[in-house]
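Please look through the structure shown below, taking the chains together before turning to single residues. The paragraphs after it are meant as a guide for a reader who is seeing it for the first time.

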Amino acid sequence: MHRATILVVEDNDDHVFLLKHAFQKAEVTNPLQVASTGEDAIAYLAGTGKYSDWQQFPLPSIVLLDLKLPGLTGFDVLKWIRQHPSLKALRVAMLTSSDLSQEIKMAYELGANAFLTKPVDLDRLVEMVKMLRVHWLEFTQAPAISRMR
Amino acid sequence: VHSNSGDGKLPLLHIDDSANDRLLVKVAISQTKTPFAFYEAGGLETAMPYFQFHGHDGEPKQPLPPALVLLDYDLGDHTGADLLYWLRVTKKITSIPVVMLSGSVGGPYVGECYATGANYFLSKPNDLARLKIIVHTLHLSLVSLHQPGPIELLQEYQPDPRNLR
């Protein structure tokens, strides 16, 4: 059975490690792909460069997108997704360590589907991953998205 | 902090042209004792005042803005996507979480709603038991997953959402 891929866009290796650990503890076994910069994320989603093997790097069902990235920011990537004709329906959850209200507002204005604060506590991170699974992988209808050659 | 009705309950606004479906959600909330304060609207016109200062019937004490909107996609003459779009472009209320509901499965409108910024898109469940699970987990998701953004009530006149798209 096909399992939805999750793309994590995160430049902090420690956060990636914790997130992977949380996915394991939450028993979410969906394939996890990681991009460490905004540019990398766009290349992944477009399926270009080192991501041109679309079988190895399938389109994700969900993107967990860190807001603060070197170079292109999470907002830049979100804007790119929402302006892309075939990818604009991709589900995007913004991740951040802060809870600045202006950032939350901006994320929703740009079309984010969720704004999540990274928990500092591992148990809470596991709970967050479980919630993501329930709502985005089990209960909800997934949008149709595709890459274009 | 989410807006709440004073008794710790989060205001949930259900917009659906089916009175029966609204009743089912109300019952699911009640039977699961999920701490939502339930408000309802049958269409865009009756929903609009919930985002403005005076409330549905000009009631100044109503504990809104909503902490969560359940929004039926098919609202008869309009679509829920029209209202979703209006919410997302209206800066004071742009971060209200919106869960889209539909009686049918699949279709381009699912992507349309995610692209517009819906938090979730759910099929209306066929039975009350599943609806109860959904209502309960939506509350959990709201309090433990989503970081609430700033929401201000609209006091000035706002354009009709149907004229925006």
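What follows goes from the contact between the chains to the nonpolar cores and then to the salt bridges.

The model is a predicted one, and a convenient place to begin is the place where chain A and chain B touch. Chain A brings 30 residues to this contact, while chain B brings 33 residues. Together the two chains bury an area of about 2,600 Å² between them, and 60% of that area is given by carbon and sulfur atoms. On the side of chain A, the residues A:Tyr108, A:Phe139 and A:Gln141 supply 30% of the area that this chain buries against chain B, which is more than any other three residues supply.

Polar and charged groups also take part where the chains meet. Between chain A and chain B there are 13 residue pairs in polar contact, counting pairs in which both residues have pLDDT 80 or more. Three elements of chain A each give two or more residues to the side that touches chain B, namely helix H4 (101–109), strand E5 (114–117) and helix H5 (122–139). Of the residues on that side, the largest share comes from H5(A), with nine residues. Sorted by class, the side of chain A that touches chain B holds 15 nonpolar, seven polar and eight charged residues. The count of salt bridges between chain A and chain B is one, and in this bridge the side chain of B:Lys91 meets that of A:Glu109, at 3.0 Å from N to O.

From the contact we can turn to the nonpolar cores. In soluble globular proteins, nonpolar side chains tend to be buried together. Here the largest nonpolar core has 42 residues, and A:Leu64, A:Leu116 and B:Phe36 are those with the most contacts inside it. H5(A) gives the largest share of this core, with nine residues. Leaving aside residues up to four places away in sequence, B:Phe36 touches a set of residues that includes B:Leu10, B:Ile29, B:Leu68, B:Val135 and B:Leu142, and also B:Lys9 and B:His139. Another core, of 29 residues, lies apart from the largest one, and among its members are B:Tyr50, B:Leu75, B:Leu83 and B:Tyr114.

Over all chains, the count of salt bridges comes to 11. In one of them A:Glu127 pairs with A:Lys130, with the closest N and O atoms 3.7 Å apart, and both residues lie in helix H5 of chain A, where they are three residues apart, or about one turn of the helix. A:Glu127 counts as partly exposed because its relative accessibility is 39%, and A:Lys130, with a relative accessible area of 31%, is partly exposed as well. A:Glu138 and A:Arg133 form another bridge, in which the closest N and O atoms are 3.5 Å apart; A:Glu138 is partly exposed at 44%, and A:Arg133 is partly exposed at 22%.

Is the acidic residue of the next bridge, B:Asp16, buried or exposed? B:Asp16 forms a salt bridge with B:Lys124, the closest N and O atoms being 2.9 Å apart. This pair links distant parts of the chain, 108 residues apart, since B:Asp16 sits in the loop between strand E1 (10–15) and helix H1 (19–32) of chain B, and B:Lys124 in the loop between strand E7 (120–123) and helix H5 (128–144) of chain B. B:Asp16 counts as buried, because its relative accessibility is 0%. Both residues also belong to a network of salt bridges that links B:Asp16, B:Asp21, B:Asp72 and B:Lys124.

Conventions. Residues are numbered from 1 along each chain as its sequence is written. Chains are lettered from A and ligands numbered from 1 in the order in which they are written. This is a predicted model: local features need pLDDT of at least 70, side-chain atom pairs count only at pLDDT 80 or more; totals for chains, interfaces and linings use all residues. Side-chain values use heavy atoms; hydrogens and water are left out. Contact means heavy atoms within 4.5 Å. Buried area is the accessible area (1.4 Å probe) that two parts lose on being put together, summed over both. A salt bridge is a side-chain nitrogen of Lys or Arg within 4 Å of a carboxyl oxygen of Asp or Glu. A polar contact is a pair of N or O atoms within 3.5 Å; within protein, one must be able to donate a hydrogen and the other to accept it, and residues adjacent in sequence count only if both atoms are side-chain atoms. Helices (H or I, at least four residues) and strands (E, at least two) are DSSP runs, numbered from the N terminus. Ala, Val, Leu, Ile, Met, Phe, Trp, Tyr, Cys and Pro count as nonpolar, Asp, Glu, Lys and Arg as charged, and the others, Gly among them, as polar. A nonpolar core is a set of buried Ala, Val, Leu, Ile, Met, Phe, Trp, Tyr and Cys residues joined through side-chain atoms within 4.5 Å. Buried means under 20% relative accessible area, exposed over 50%, partly exposed in between (1.4 Å probe, protein chains only).
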